[in-house]
Every structure is written in C-alpha cells, then in structure tokens.
Amino acid sequence: GELQKICDTILGLLDGNLISKASSGESKVFYQKMKADYYRYIAEFTTDQKKTNAANSAEAAYADAASVAEKDLAVTHPIRLGLALNY
C-alpha cells in the first residue's frame, strides 16, 4: 500500500539520482546505507518472495556501503558507525 509506494519513491530517487551523483566516499556510504535501510523496512512489512527479495537487496546495499566505508571513512566516522549498527 502506501508505505510500499513511499519506499519505492525513495529507492527510485536513490538509484536514479543520488547514488550515481555522489562524489565523496561519505555521501556514497550515506546513500547506500539509506538504500539498504529502506529495503530492510520493506522486508519488515512484506511476506514471502517480496520479503526475501527486499532482504537480499538490503544485504547487497549494506555490503556496497561497507566496502566504500572501509576504504574512505575513518573507523570513528559517525556514518560508518551507523552503518555498522544496521548491517
């Protein structure tokens, strides 16, 4: 319903504009983490294959964010710490 529509809109903005235009490691990690978080939200309110697909997409986005974070952000960086708590 409505929550799915909101999440899809945000994911569309992230995939269509924000992630591809992110220039710094900090912004890339921030947006990838946000993408993963929204897929995780979808996994929490869906069932069956939709739940599995959302969980897999969240895992992939968290992994992408972690890869950039390990390379570009200090271990004490707040965004990297937030990623570690959610991943």
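## Exercises on a predicted helical model

Leaving aside neighbours within four places in sequence, Val29 is in contact with Ala65, Val68, Ala69, Leu73, Ile79 and Leu83. Keep in mind as you work that this is a predicted model.

**Exercise 1. Place Val29 in the largest nonpolar core, and find which helices supply this core.**

Step 1. Start with the members: the core has 20 residues, and Val29, Tyr39, Ile42 and Leu83 touch the most other members.

Step 2. Now look at where the members come from: α1, α2, α3 and α4 each supply at least two residues.

Step 3. Finally, look for the largest share: α3 provides it, with eight residues.

**Exercise 2. Work out whether the buried residues of helix α4 line one face or are spread around the helix.**

Step 1. Helix α4 covers residues 78–86, and its buried residues are Ile79, Arg80, Gly82 and Leu83.

Step 2. Look down the axis of α4: these buried residues fall within an arc of 160°, so they line one face of the helix.

Step 3. Turn to the other side of α4, where Pro78, Ala84 and Leu85 are exposed.

Step 4. To finish, ask what the buried residues of α4 pack against: the partners are α2 and α3 (48–72).

**Exercise 3. Check the span of helix α1 against its number of residues, then look for a kink.**

Step 1. Helix α1 runs over residues 2–21, which makes 20 residues.

Step 2. At 1.5 Å a residue the expected span is 28 Å, and the end C-alpha atoms lie 28 Å apart, so the two values agree.

Step 3. Even with that agreement, look along the helix: α1 has a kink of about 45°, centred on Leu14.

Step 4. Leu14 is also one of the buried residues of α1, alongside Gln4, Cys7, Leu11 and Ile19. What covers these buried residues includes α2 (25–45).

**Exercise 4. Decide whether His77 and Asp48 are buried or exposed.**

Step 1. Find His77 in the loop between α3 and α4.

Step 2. The cut-off for buried is under 20% relative accessible area. His77 has 18% relative accessibility, so His77 counts as buried.

Step 3. Look for a partner: the side chains of His77 and Glu26 are joined by a polar contact of 3.3 Å.

Step 4. Move on to Asp48, which is found in helix α3. Exposed means over 50%, and Asp48, at 65% relative accessibility, therefore counts as exposed.

Step 5. While you are there, check the backbone: Asp48 has a positive phi of about 55°, although this residue is not a glycine.

Methods
Residues are numbered from 1 along each chain as its sequence is written. This is a predicted model: local features need pLDDT of at least 70, side-chain atom pairs count only at pLDDT 80 or more; totals for chains, interfaces and linings use all residues. Side-chain values use heavy atoms; hydrogens and water are left out. Helices (H or I, at least four residues) and strands (E, at least two) are DSSP runs, numbered from the N terminus. The expected span of a helix is 1.5 Å times one less than its number of residues. The bend at a residue is the angle between axes fitted to the seven residues ending there and the seven starting there. Buried means under 20% relative accessible area, exposed over 50%, partly exposed in between (1.4 Å probe, protein chains only). Contact means heavy atoms within 4.5 Å. The arc is that of the directions from the helix axis to the C-beta atoms. A polar contact is a pair of N or O atoms within 3.5 Å; within protein, one must be able to donate a hydrogen and the other to accept it, and residues adjacent in sequence count only if both atoms are side-chain atoms. A nonpolar core is a set of buried Ala, Val, Leu, Ile, Met, Phe, Trp, Tyr and Cys residues joined through side-chain atoms within 4.5 Å.
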